[in-house]
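This report walks through one protein model for a reader at the bench. It begins with a single helix, then turns to the overall fold and to one residue on a loop.

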Amino acid sequence: MIKLYTAPTPNGRKISILLEELKVEYKCILVNLDKKEQFKKKFSKISPTNKIPVIEDCEHKKIIFESGAILIYLAEKYKKYLPKNKYWEVLQWVVFQVAYVGPMLGQAHQYLYYNSGKSKFAEKKSRQYTKHVYEILEKHLTNNIYFAGRYSIADIAIWPWVDRHERHQIKLNKYPNTEKWYKKISKRPAVIKGYNVV
Ligand SMILES: N[C@@H](CCC(=O)N[C@@H](CS)C(=O)NCC(=O)O)C(=O)O
């Protein structure tokens, strides 16, 4: 049994979507970010960064934080969505997501959505970085159906962020290949089920 400490955010959704895809038994524990529960003493013990998601693998008494590490751990454990013959292709996109897509789009949400009008410079920079992210996605998806051959944890890592396109002010129809990929994945039963778990 896997315990998932999560919240209804892109980083949390990556993990519940993967758990649904894997069809494994798991239990969700909501960490209410609005109530600052991520800073509670008990949660700090399992999350040194005070962020979700975190998993607890009860079988191996293992606790893992950082969504990228969790995706890799689960894919390795259940031997799905990280095929050996595309191992590095998948991982490079997973790392690209955690190192660039998440931080840049997360910042864009802060400056364009939650705090718009407070800093022209930050808004301009956020638009530039967001555009750069989508150009990279679009270019790759022009010749590829998925990020690394077939559906993998790379797609699962990126999809919940693209799902927030309105929040970072992206018109998805300007990126037709990304839109096609996004819509295709949106229809997966595990994605629909894993989306609203808390
Ligand atoms: N690099 C981390 C980022 C995790 C992250 O930013 N989580 C957000 C929710 S999406 C969070 O817990 N925010 C609470 C806070 O920053 O106080 C990962 O990929 O897991």
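## Helix 6 and its surroundings

In this predicted model, the buried residues of helix 6 are Ile153, Ala154, Asp155, Ile156, Ala157, Ile158, Trp159, Pro160, Trp161 and Val162. Helix 6 runs over residues 153-162, and because 10 of its 10 residues are buried, it is largely enclosed by the rest of the structure. The cover over these buried residues includes helix 1 (10-22), helix 3 (67-78), helix 4 (87-114), helix 7 (176-186) and helix 8 (189-195).

Helix 4 is one of these covering elements, and its packing against helix 6 can be described in detail. Two packed helices are described by the angle between their axes and the distance between the axes. Here the axes of helix 4 and helix 6 come within 8 Å and cross at roughly 15°, which makes helix 4 roughly parallel to helix 6. The crossing of the two helices is left-handed. The residues that make the contact are set out below.

| Helix | Residues in the contact |
|---|---|
| Helix 4 | Val90, Trp93, Val94, Gln97, Val101, Gly102 and Leu105 |
| Helix 6 | Ile153, Ala154, Ala157, Ile158 and Trp161 |

By class, the contact of helix 4 with helix 6 holds 10 nonpolar residues, 2 polar residues and no charged ones.

## The protein as a whole

The protein has 8 helices and 4 strands, and, read along the sequence, these follow the pattern β-α-β-α-β-β-α-α-α-α-α-α. A compact globule of 198 residues would have a radius of gyration near 16 Å, and the 17 Å of this protein agrees with that expectation. The C-alpha trace spans about 45 × 40 × 25 Å along its principal axes. Of the 198 residues, 34% are buried, and among contacts with a separation of 6 or more, 66% join residues that lie 24 or more positions apart.

## A residue on a loop

Is phenylalanine 39 buried or exposed? Phenylalanine 39 has 12 other C-beta atoms within 10 Å, and because a residue counts as exposed at 12 or fewer, it is exposed. Phenylalanine 39 lies in the loop between strand 2 (26-30) and helix 2 (41-46). Leaving aside residues up to four places away in sequence, phenylalanine 39 touches Ser44 and Asn50. Phenylalanine 39 and alanine 75 are 36 residues apart in sequence, and their C-alpha atoms are 29 Å apart in space.

Definitions and conventions:
Residues are numbered from 1 along each chain as its sequence is written. This is a predicted model: local features need pLDDT of at least 70, side-chain atom pairs count only at pLDDT 80 or more; totals for chains, interfaces and linings use all residues. The radius of gyration is taken over C-alpha atoms; the globule rule is 2.2 Å times the number of residues to the power 0.38. A residue is buried if 20 or more other C-beta atoms lie within 10 Å of its own, exposed if 12 or fewer, and partly exposed in between; C-beta atoms are placed from the backbone. Two residues are in contact if their C-beta atoms, placed from the backbone, lie within 7 Å. Axes are lines fitted to C-alpha atoms, for helices over the stretch in contact, and angles run from 0 to 180 degrees between N-to-C directions. Angles under 35 degrees count as roughly parallel, over 145 as roughly antiparallel, 65 to 115 as roughly perpendicular and the rest as oblique. A crossing is left-handed if the near helix is turned anticlockwise from the far one by less than a right angle, and right-handed if clockwise. Ala, Val, Leu, Ile, Met, Phe, Trp, Tyr, Cys and Pro count as nonpolar, Asp, Glu, Lys and Arg as charged, and the others, Gly among them, as polar.
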